[in-house]
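Biologist: Could you take me through this structure feature by feature, giving the general idea each time and then the case at hand?

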Amino acid sequence: MNVNYGNCYFSRIIFALMVAVLNVQPASAGAISISSPSTTPLPTYIVSDGSNGIFHATSDITLDLSGATVPQYSSVVIDPGITLTVLTPGGGVFADLLSAQDILVYGIINAGSGALSLTAGNQIISGMDSEIIAGSLSLTSRQSTLNGGLALSDSIILYGIDAGLISGRIALVPEPNTFLLIFLPVLILLTLRRYPSMAL
């Protein structure tokens, strides 16, 4: 039996890379956690008094929620195809988007990697083609029905009388080692196709 030592060396490198990747600890868990009212007490939060009226985004707009003053909307509506960019305080501090009645998201809310809190006195609804982008997301309402996409790099927490239904697309942003785990086998296969002599 002929032993190709070059092939063995290549296999050892691939094995060492896979072990190294598997042993890397992610910087953050990146897992979705859902807190229901039965297990988590309702938080003390600001209920909007509605004094700022209706926030109805019909064109792309940026809303600065990074300051100490929080707008008090009576309802929030984001039309289809519209992007609401939210500026957050940073440092893991939640930006509060408050509504006395409903928060209806048919477009996109983009908080980047910041923490975003949506609080509605009645319900939070996202449409099928909607998307909420954030690092962490907190939802507080009597009912939450999320039919759109959630692109989160950290976590989601639901509070309310009725935690509601999540039937949409939830996409966590993978950690770097997760990308390596996904693409390393593809890289190996492409290398072996290009250099068949390296195959065992």
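**Reading the model, strand by strand**

Modeller: Let us begin inside the sheet pairing, where strands pair if DSSP finds at least two bridges between them: in S11, the bridge partner of Leu-118 is Leu-139, and that of Leu-116 is Leu-137. This is a predicted model, in which local features need pLDDT of at least 70 and side-chain atom pairs count only at pLDDT 80 or more, while totals for chains, interfaces and linings use all residues. Residues are numbered from 1 along each chain as its sequence is written, and side-chain values use heavy atoms, with hydrogens and water left out.

Biologist: How many helices and strands are there in the chain?

Modeller: Helices (H or I, at least four residues) and strands (E, at least two) are DSSP runs, numbered from the N terminus. The chain has 2 helices and 15 strands.

Biologist: What is the mean pLDDT of the chain, and what share of its residues reach 70 or more?

Modeller: The pLDDT is the predictor's confidence in each residue, from 0 to 100; here its mean is 75, and 56% of the residues reach 70 or more. Over residues 24-42 the pLDDT is below 50, although beyond near neighbours in sequence this stretch has 33 contacts in the model, a contact meaning heavy atoms within 4.5 Å. Where pLDDT is low, the predicted coordinates should not be read in detail.

Biologist: Which strands pair with S11, and in which sense?

Modeller: Strand S8 (residues 108-110) pairs with S11 in the parallel sense over 3 bridges, with Ile-109 standing opposite Ile-132. Strand S9 (residues 115-120) also pairs with S11 in the parallel sense, over 5 bridges. On S9 there is a further pairing, since 6 bridges join S6 to S9 and these two strands run parallel, with Asp-96 opposite Ser-117.

Biologist: Why is strand S11 described as largely enclosed by the rest of the structure?

Modeller: Burial is judged by relative accessible area, where buried means under 20%, exposed over 50% and partly exposed in between, using a 1.4 Å probe and protein chains only. Of the 10 residues of S11 (residues 131-140), 8 are buried, so the strand is largely enclosed by the rest of the structure. S9 is mostly covered, with 6 of its 6 residues buried: Ala-115, Ser-117 and Thr-119 point one way, Leu-116, Leu-118 and Ala-120 point the other way, and all are buried. Across the chain of 200 residues, 36% count as buried.

Biologist: Which residues have the most contacts inside the largest nonpolar core?

Modeller: A nonpolar core is a set of buried Ala, Val, Leu, Ile, Met, Phe, Trp, Tyr and Cys residues joined through side-chain atoms within 4.5 Å. The largest one has 29 residues, and those with the most contacts inside it are Leu-97, Ile-109, Leu-116, Leu-118 and Leu-137. Among the strands that each supply at least two residues of this core are S6 (94-99), S9, S11 and S13 (149-159). Leaving aside neighbours within four places in sequence, Ile-109 is in contact with residues including Leu-97, Leu-116, Leu-118 and Ile-132.

Biologist: Is Gly-114, in the loop between S8 and S9, buried or exposed?

Modeller: Gly-114 is buried, with a relative accessible area of 12%, and, not counting residues up to four places away in sequence, it touches Thr-88, Ala-134, Gly-135 and Ser-136. Its partner Thr-88 is found in the loop between S5 and S6 and is buried too, at a relative accessible area of 19%. By contrast, Ile-54 in strand S1 is exposed, with a relative accessible area of 61%, and touches Ser-74 and Ser-75 when residues up to four places away in sequence are not counted.

Biologist: How many aromatic pairs are there by the ring rule, and how should one be read?

Modeller: Rings of Phe, Tyr and Trp (its six-membered ring) pair if their centres lie within 6.5 Å; planes under 30 degrees apart count as stacked, over 60 as edge-to-face and the rest as tilted. The count comes to 1 aromatic pair. The rings of Phe-55 and Tyr-73 have centres 5.1 Å apart and planes at 50°, so the pair is tilted. Phe-55 lies in strand S1 and Tyr-73 in strand S3 (residues 72-73), so the pair ties together parts that are 18 residues apart in sequence. Both Phe-55 and Tyr-73 are buried.
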